[in-house]
Amino acid sequence: MCGIVGYIGKGNVYDILIKGLHRLEYRGYDSAGIALVDKDGKLKVYKTKGKVSNLEDYCQDKNTEAGAGIAHTRWATHGEPSDKNAHPHYSEDGNLALVHNGTIENYKILKDALEQHGCKFQSETDTEVLVQLIEYIKVKNNCSLADAVREAMNQVVGAYAIAVVEKDKPDTIIAARKSSPLVIGIGDDETFLASDATPFVEYTKDVVYLKDEEIAIIKQGEPLKVLTLDNRESKIDVTTLELSISQLEKGGYPHFMLKEIFEQPDTLRDCIRGRIIDGGGKINISGLNDNKEKFCEAKRIVIVACGTSWHAALLGKYLIQDMCRIPVEVEYASEFRYSNPVLDDKDVVIAISQSGETADTLAAAKIAREMGAFVFGISNSVGSSIPRETDSGTYIHVGPEIGVASTKAFTGQVMVLTLLALGIAQMRNTMDEAKIKEIGREVLHIPEYVQEVLKLNDTIERLSLIYTYARNFLYLGRGYSYPVALEGALKLKEISYIHAEGYPAAEMKHGPIALIDAEMPSVIIAPQDHLYEKIVSNVQQVKARGGNIIAIVTKGDTVIRNIADHVLEVPELPECLTPIITSIPLQLLSYYIAINKGKDVDMPRNLAKSVTVE
């Protein structure tokens with residue numbers, strides 16, 4: 001959840017770390033801090049509550065010379081956001097500084113034991129327990145920092161990614177990970193460390209992804225060394241990074257969120273590329289093709305995900321059941337892992353996570369594999385944990401998503417699930433080949449349809465002014481449009497802080513209809529599909545109670561147009577493809593309402609992009 005950066009090398013340590021923190025600020029922005037070790041053996045820690053810019057202001061008159069350093073931007077877990085609880089944390093004797101992403105589940109037991117040995121604590125965090133534990137072991141055993149970290153990590157229960165520096169070792173950083181990402185960048189006589197590769201993409205393309213329960217010894221002028229917790233040397237796999245600096249910049253847009261909404265024609269084109277061949281008649285997903293037997297013989301598919309990915313998973317259920325005739329269950333990963341699930345080797349579990357590091361989804365995938373299920377991962381991040389912890393899978397290929405509220409990752413996930421459903425249907429012969437080809441041809445044109453929908457931008461910006469100060473919203477849809485309603489409501493909640501609920505339109509009369517009045521706008525997703533006549537009735541029910549209606553309809557609609565207060569038209573598509581294009585006006589509506597309210601849409605309060613803790 002938090003962001004970690006580390007650097008040793010010939011460059012300006014402070015500048016590189018601060019730039020890296022800005023790149024990782026989407027992971028957390030409650031507080032930020034930096035630890036610098038200079039060549040005279042001085043350890044300087046500067047930290048402050050708030051965003052990275054607050055830290056920069058604080059450091060303006062400070063000595064920032066250093067040969068090595070680590071830095072951190074925080075999303076609070078233990079202890080409220082404050083200067084005291086910000087990372088890095090010192091050991092009591094001031095010899096060590098440590099930054100940490102994750103949650104230490106047994107921190108209270110460790111803290112009580114350390115207090116019995118005389119340790120005093122300054123913060124409310126589990127992280128300070130780690131640095132005190134490492135220092136205690138180091139002094140007691142008279143061992144190296146690397147050995148002390150290894151021993152400490154053997155005593156820890158929970159998830160962690162850590163980086164530690166020592167004041168009399170300005171040429172060394174020790175790092176370790178378990179269930180929380182760390183990637184090392186290998187440059188020309190310089191080494192980088194970060195939660196993901198965005199902080200150093202302009203400096204090197206050579207990266208090493210640390211595996212669970214590995215410790216990295218990063219020493220200036222020496223080759224990288226990686227050890228396991230039982231002190232065996234690990235093989236180092238250097239991979240080439242596929243990421244460009246332009247993907248991490250706003251490109252003239254005021255916010256990453258708006259940029260990422262408008263990138264969707266290109267990101268969907270990248271997502272589709274090479275996966276539909278023969279003019280739409282054949283689906284080509286290697287992770288599916290290589291495991292044909294598993295999908296053809298599957299008795300059940302279980303999809304696990306969280307947040308926006310869970311909404312994509314619901315669409316995956318409709319797609320797979322409709323096209324493949326396999327029963328599908330969709331579970332919140334956080335509930336699945338504690339529900340004593342029943343799985344066997346005839347089950348396929350699909351784990352969806354944009355970051356590939358979502359803690360609950362990762363844990364669910366591991367449980368499923370242990371129970372004998374075949375686990376297929378869908379992720380956006382090459383080198384992340386989900387691809388490593390699943391039997392097979394595929395990437396959505398939409399590029400880095402910096403805005404906390406997911407937009408292009410959602411449509412990418414839905415597109416991959418659509419292609420997956422078409423591919424399984426083709427393998428199982430549950431759909432007519434002509435129908436598959438018809439849908440496949442339309443998929444190839446999806447980027448053009450999305451480009452057309454984005455032309456609604458100015459209309460939606462004007463429309464948003466009418467509803468900026470509404471206190472509640474109701475989002476309604478049926479069939480494929482129901483998960484779109486859930487996703488639209490989530491987007492509004494996430495970035496504008498307006499309460500919004502998504503509902504199946506038919507369920508409205510079983511409770512929520514009591515809320516409808518002139519002050520409660522309803523957003524109704526109503527494309528021309530087999531449930532259109534049903535949702536017309538729901539629209540009439542809202543209007544009869546004085547509700548204001550914003551309707552997403554198919555071009556040429558005449559019925560709902562005459563009932564709704566505002567209508568946004570999208571192109572006509574096969575029913576199974578409508579969620580991709582109907583979700584985009586809802587992304588724009590949420591964006592502009594939040595902007596009108598003066599909210600920070602890229603960094604909404606209390607949220608972070610990658611949820612790597614429980």
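Helices, in the sense used here, are DSSP runs of at least four residues, numbered from the N terminus. In this predicted model, aspartate 602 is found in the segment after one of them, helix H20, which covers residues 578-596. Aspartate 602 has a relative accessible area of 7% and is therefore buried, since that value falls under the 20% cut-off. Leaving aside residues up to four places away in sequence, aspartate 602 touches Lys250, His255, Phe256, Met257, Gly403 and Val404. With phenylalanine 256 there is also a polar approach, in which the backbone nitrogen of that residue lies 2.8 Å from a polar atom of the side chain of aspartate 602.

A second region to follow is the packing around helix H4. Helix H4 (residues 126-141) packs against helix H5 (residues 145-155) at an angle of about 120°, the two axes being 8 Å apart. Because this angle lies outside the ranges that count as roughly parallel, antiparallel or perpendicular, H4 is oblique to H5, and H4 passes H5 in a right-handed crossing. On the H4 side the residues that meet H5 are Leu130, Leu133, Ile134, Ile137 and Lys138, and their counterparts in H5 are Leu145, Ala148, Val149, Glu151, Ala152, Met153 and Gln155. Sorted by class, this contact of H4 with H5 comprises nine nonpolar, one polar and two charged residues.

Helix H4 also meets helix H3 (residues 107-116), where the axes come within 10 Å and cross at roughly 45°. H3 and H4 are therefore oblique to each other, and H3 passes H4 in a left-handed crossing. Tyr107, Leu110, Lys111 and Leu114 of H3 make this contact with Asp126, Val129, Gln132, Leu133 and Tyr136 of H4. The residues involved divide into six nonpolar, one polar and two charged. Leu133 of H4 is listed in the contact with H5 and also in the contact with H3.

The backbone offers some further points to examine. Most residues other than glycine have a negative phi, and most peptide bonds are trans. The peptide bond from histidine 87 to proline 88, however, is cis, with omega near 0°, and proline 88 lies in the loop between strand E4 (68-74) and strand E5 (89-90). Serine 179, in the loop between strand E8 (172-178) and strand E9 (183-186), has a positive phi near 60°, and with a relative accessible area of 16% serine 179 is buried. Asparagine 429 likewise has a positive phi near 60° and lies in the loop between helix H14 (408-428) and helix H15 (433-444), but asparagine 429 is exposed, with a relative accessible area of 62%.

Note on methods
Residues numbered from 1 in each chain as written. Predicted model: local features only at pLDDT ≥ 70, side-chain atom pairs only at ≥ 80, totals over all residues. Heavy atoms only, no water. Helix = DSSP H or I, 4+ residues; strand = E, 2+ residues; numbered from the N terminus. Buried < 20%, exposed > 50% of the residue type's maximum accessible area, 1.4 Å probe, protein only. Polar contact = N/O pair within 3.5 Å; in protein donor to acceptor, adjacent residues only side chain to side chain. Contact = heavy atoms within 4.5 Å. Axes fitted to C-alpha atoms, helices over the stretch in contact; angles between N-to-C directions. Parallel < 35°, antiparallel > 145°, perpendicular 65-115°, else oblique. Left-handed = near helix turned anticlockwise from the far one by under 90°. Nonpolar A, V, L, I, M, F, W, Y, C, P; charged D, E, K, R; others polar.
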